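User: Please take a close look at the salt bridges in this structure. I should like to know which side chains pair and how exposed the partners are.

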Amino acid sequence: MNDAAARGRHVFLVRSSLQFLLATALAIDLRERTQQTCRMLFLPDLPDPGLFLRAVGDWPASPFDQVVCIDARGASAGIRRALRAALADAQPSSLTVFNDREEAGQTALTAVARRFPQAQRWCAEDGSLAYTGFVYRAHGAATQLRQTLRLGRGWHDVRVLGTHPLVQRFVALHPRLLRAELRERPVQAFPAQALASPALRSLATALCAGTGFAAQSVPPGATVLTLSHSSYAARNPDYRQMVAACAEQLAQRPGQFFLKYHPRETEPDYLGLCAQGAATEIARTLPVECLYLMLRDRPLTVVGGMSTTLLTAGLLMPQVRCAALVHASASGDAWDRQLLDELRITPLADAAAVAAYLSTSSAERPPGRTA
């Protein structure tokens, strides 16, 4: 590594709440191991980016020298210029993106490869797509030409996240379980121990305060039902039926049943689960990962669709047990049985399975799959 790179910073391009927390954990680990400065470039794709910006303003334990916010609402050309300028100012010794298909991620990879060729270029996982067989549809010829003209020869039609030619290493929470396209590439294990750091918990505490969430309101043994967006429920009618089966069982436990709607959900209560007061809704703007960080000290049950929320629940809460609602109308989001087994996620395929699973509280049963 040249002198410029050695003096530079570890730079993270962040767009989502999960990426924000994962980047923080990575920065904590890198700063401890390399004694180098870390910087976040925050290009928010969030319903309420102000929630994070307010928390960062009062975050003395931050592992970043700066969190540089780039306005994502402007024209794409202006965003690309701002991103390149922020990278030039940061003088990166490494760059980590979480999505190498999006224009922002590819702009950053290309700019760093051109201006800082000695800097390492990493892509960190952004959830469950690193472990499934999902493949993005190829862009049409017109889109490919347009993107090549906009971004140059560094643009690539990425169909599996993490496979852009400029990515030198993929960072994974579960390297052994990665899909084949990523196992064939250089892989580095995510420093999971950093997820328990006081700096990350202090950020989660600030975010919870910003949404009015009090961790003590969720008692040990409670169940949190994480709900997919209403558009998903509309495409997958069997999903609605599975959620209804969960709600029927959980409604019998006042004070023990909590709902977490998708942060972009605009319907007030599209499944009607709060109407009779049996369930308590947790603030939608609160990142579910912050919820998990604040509740990691107690046994809980998390039930949800095949989504990243289940993967992070098991990672962030040592005493949790997780169940996935498996339904016949699933639109391409099925998980391999080995993955479910390894991550201790119990698949629930019908109302009877739901009733059996929920008949025992998480306070009475240790984490792990049921027989």
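Analyst: In this predicted model, Glu 281 and Arg 284 form a salt bridge whose closest N and O atoms lie 2.5 Å apart. The two partners fall into separate accessibility classes: Glu 281 is partly exposed, because its relative accessibility is 31%, while Arg 284 has 14% and therefore counts as buried, the cut-off for buried being under 20%.

Salt bridges also extend beyond single pairs. Arg 9, Arg 39, Asp 65 and Asp 89 are joined into one network through salt bridges that share partners.

A further pair consists of Arg 80 and Glu 103, whose side chains meet in a salt bridge with an N to O distance of 2.9 Å. Arg 80 belongs to helix α4 (residues 76-90) and Glu 103 to helix α5 (residues 103-115), so this contact ties together parts that are 23 residues apart in sequence. Arg 80 and Glu 103 are both buried.

The pair of Asp 48 and Arg 54 has its side chains in a salt bridge at 3.6 Å, N to O, which satisfies the criterion of within 4 Å. Asp 48 counts as partly exposed because its relative accessibility is 27%. Arg 54, at 55% relative accessibility, counts as exposed, since that class requires over 50%.

As general background, side chains of opposite charge can pair when their charged atoms come close. The structure holds 16 salt bridges, among them the pairs Glu 281 with Arg 284, Arg 80 with Glu 103 and Asp 48 with Arg 54.

Key
Residues numbered from 1 in each chain as written. Predicted model: local features only at pLDDT ≥ 70, side-chain atom pairs only at ≥ 80, totals over all residues. Heavy atoms only, no water. Buried < 20%, exposed > 50% of the residue type's maximum accessible area, 1.4 Å probe, protein only. Helix = DSSP H or I, 4+ residues; strand = E, 2+ residues; numbered from the N terminus.
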